[in-house]
Amino acid sequence: MSTVAKTGAPAASFSLTSLLIVVACELIGAAALREFLLVDDWRVIVGLLVVFAIILVAMQRFPAVEHRIEDAFDTQKPAAMVLAIIIVLGFPFTLEGNTYAFHLCVIAQLYAVLALALNFQLGSANIPNFASGASYGIGAYVSALLALNVGLSFWLALPAAAIAATVAGFLLGLPSMRTRDSYLALVTIAFGVVVNQLLNNLDFTGGPNGLVGIPVPELFGHSFSSPLVIFGVSLPSQANFYYLSALLVAISILFAGRLHNSRVGLAWNALRADELAARCQGINTTWYKVLAFAVDAFLAGFAGTIYAFYVGFISPDNFTFLTSVTIMTMVIAGGMDNILGVIVGAFLLTLLPEKLRVFSDYRILFFGVTVIAFLMIRPQGIFPQRLRRYGER
Amino acid sequence: MADLLLQQLLNWVVLGSIYALIAVGFSLLFGVLNIIHFSHGDVSLVAPFLALGAIQALASSFPAASGSLAVLLLCLLLSILLTGLLGVVLEFLVIRRFRNAPVMMALVATVALGIVLRELVRHLFPNGSNPHSFPRFVGGHIELAGVTIPLFSLVAVVCAVLAVAGLFFILNKTRLGLQIRAVSQDRDAARLMSISPTRIFRATFFVASAIGAVGGVFFAGYANLVRFDFSIDVGLIGFSAAVVGGLGSMPGAIIGSLLIAGLDTFVQAVVPNGASYRLVFIFLLVIAVLVFKPSGLFGRTVVEKV
């Protein structure tokens, strides 16, 4: 399927302006994120949000600017990637040891993985799924139960939980052979509620109290609860999980990119465009639909495991219908079928309610209003889905 | 034993009628707009709060008049009308903008709208985070064939039947109903017949929200209690009932509600510890129905034409 590969600009000619645009975009993005994480003053938070909204409106008004930036990233792909990796690796050193900021980063990255996972379905194949919170929960509970009852280490619980979540995702995918659209949405909602209610009521899952005392992972004798020392700089213990979840995000991005460019991604896109036409082209629509559910659950299982071992305490309240809706909102607000958009959406929607804590009780209200406002300002998501480009390379 | 059975049957009918009032709105809005108005449950449950607010306001300004049935009914009527208007306002402010957006976009927007509504109720209503007791406006019992039936249950069922009958009358016998059906069948053709879809959307929102409000008020009366987050469960169950019955079909929504309410009362009465497992059973039923009847019990089977 070499002809299918998405290509960059025709000739990757070196251009200083493009490089500068890439560097400026990434540095400004990282700086804005750092500022947003560390700041406490509500005026600055609202200010940053307003600036963000203005940028979105501007991008909406002047598509040329957007195209220029996109082009720059396309032509300077290797440079952009190297810089991004450096920024991700170096980011913890700029956080001034603020444990809360580290915590937010870890959670945001886990949500980024969940959103990327959901993106396979919602973005690529346009299959609604309100059960990703349930897959997340299954991953977390299976790994926690294995660790608590069997004494399995984190590194073994991780694949086990992912497999369990995948099986559950597969089962959930089966009704998708027959139902579609709103009806399928309800099947997934129902599945999510059933899983949540079972976790809440069964005895071995600890009921509403959840599971407590999940052991901290270790790697080469280094406990993840002890501070991480790199080059003589001591980072808080959350940094361990920061790098772990960053690794998971990186794997997910790689996974997503490869899938998008493969026959599978193309089949999913064909499903989104027109299911009947896809079937006429010889695409086994049933298999690809079920596969989308399984892949989503697989990655969600990973994220769930890391969450369980990171927080050390899980309860059904972490995996409700609203969790699934939040993940769904991340994908849609960020931009369907756009990897960068989904990640930005995940960070924004994780950090927003946390940072709106200054409004104390009103934060959920603000959260809802902000989501609606973003959907109105930019209906296609922050970074809209782009057309596949076919060509050489 | 027979006593208990009749009691449960009564519970079933009351609960079924209440769910039906909400499910009908979901189905109606979907039929006309082709989007799922996920915040419909939240809109419906604003009504009991409005009614409570009206009752309290009246009680403080006219202490003499408070407590009389007429005043109570007036408050309820007011809350129902205001909720209908709230639906129209939401359509104007938010939902209008997602009319031509992808289905999922509209879905997420209305879910967020539901969150906003819930939070607004919580903050604007005095002491809104706590549960408030809700009057049953009609007390007393009547004896019928040896069974005591609370008058409230009778009133609830009668009102539900009247409201649904009214809806059927509007849809099938009036000019407005004809226009609504025209828009739901083909928006563009309706426009050619000089029907303004925008006007019809508003009218539909008013009708659906007002009927939902009746359901909301009776739900609060049935539970004797109202809390700002009741609407999550009520909305989900109402939506499920509409989908199980087949979106867009009014009789389907009613049958779906009766089915779900039946299982609900059955599980609570028979299964040990049933109250905590009721949602599990309800949603397993939903999955089962949709696996065997993918477009609901009475939904139009979609035939794709090429």
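**Helices, burial and contacts in a predicted two-chain model**

Me: How do you know that the end-to-end distance of α5(B) agrees with its 22 residues?
Reply: The expected span of a helix is 1.5 Å times one less than its number of residues, which gives 32 Å for the 22 residues of α5(B), and its end C-alpha atoms are 31 Å apart, so the two values agree. The helices (H or I, at least four residues) and strands (E, at least two) named here are DSSP runs numbered from the N terminus. This is a predicted model, in which local features need pLDDT of at least 70 and side-chain atom pairs count only at pLDDT 80 or more, while totals for chains, interfaces and linings use all residues. Residues are numbered from 1 along each chain as its sequence is written, and chains are lettered from A and ligands numbered from 1 in the order in which they are written.

Me: What makes α5(B) mostly covered?
Reply: A residue is buried if 20 or more other C-beta atoms, placed from the backbone, lie within 10 Å of its own, exposed if 12 or fewer, and partly exposed in between; 18 of the 22 residues of α5(B) are buried.

Me: Against which helices do the buried residues of α4(B) pack?
Reply: They pack against α2, α3 (46-61), α5 (103-124) and α9 (197-223) of chain B, where two residues are in contact if their C-beta atoms lie within 7 Å. Among the buried residues of α4(B) are B:Cys75, B:Leu82 and B:Leu90.

Me: Why is B:Phe168 called partly exposed, and B:Leu263 likewise?
Reply: B:Phe168 has 14 other C-beta atoms within 10 Å, so it falls between the two cut-offs, and the 17 C-beta neighbours of B:Leu263 place that residue there as well. B:Phe168 belongs to helix α6 of chain B, whereas B:Leu263 is part of helix α11 (residues 250-270) of chain B. Leaving aside residues up to four places away in sequence, B:Leu263 touches B:Phe281, B:Ile282 and B:Leu285.

Me: Why is A:Asn126 called buried and B:Ser194 exposed?
Reply: A:Asn126 has 21 other C-beta atoms within 10 Å, which meets the cut-off for buried, while B:Ser194 has 7 and therefore counts as exposed. A:Asn126 sits in the loop between α5 (99-125) and α6 (132-150) of chain A, and B:Ser194 in the loop between α8 (187-192) and α9 of chain B. Neither is a glycine, yet A:Asn126 has a positive phi of about 55° and B:Ser194 has a positive phi of about 55°.

Me: What makes α6(B) roughly perpendicular to α7(B)?
Reply: Helix α6 (residues 151-173) and helix α7 (residues 175-185) of chain B pack at about 75°, with their axes 5 Å apart. Angles of 65 to 115 degrees count as roughly perpendicular (under 35 is roughly parallel, over 145 roughly antiparallel, the rest oblique), and so α6(B) is roughly perpendicular to α7(B). The residues making this contact include B:Ile170 and B:Leu171 of α6(B) and B:Leu176 and B:Ile180 of α7(B).

Me: How do you know where confidence is lowest in chain B?
Reply: The predictor's confidence in each residue is its pLDDT, from 0 to 100, and strand β2 (residues 141-144) of chain B has the lowest mean, 74, whereas helix α2 (residues 40-44) has the highest, 92. Over chain B the mean pLDDT is 86, with 95% of its residues at 70 or more.

Definitions and conventions: Axes are lines fitted to C-alpha atoms, for helices over the stretch in contact, and angles run from 0 to 180 degrees between N-to-C directions.
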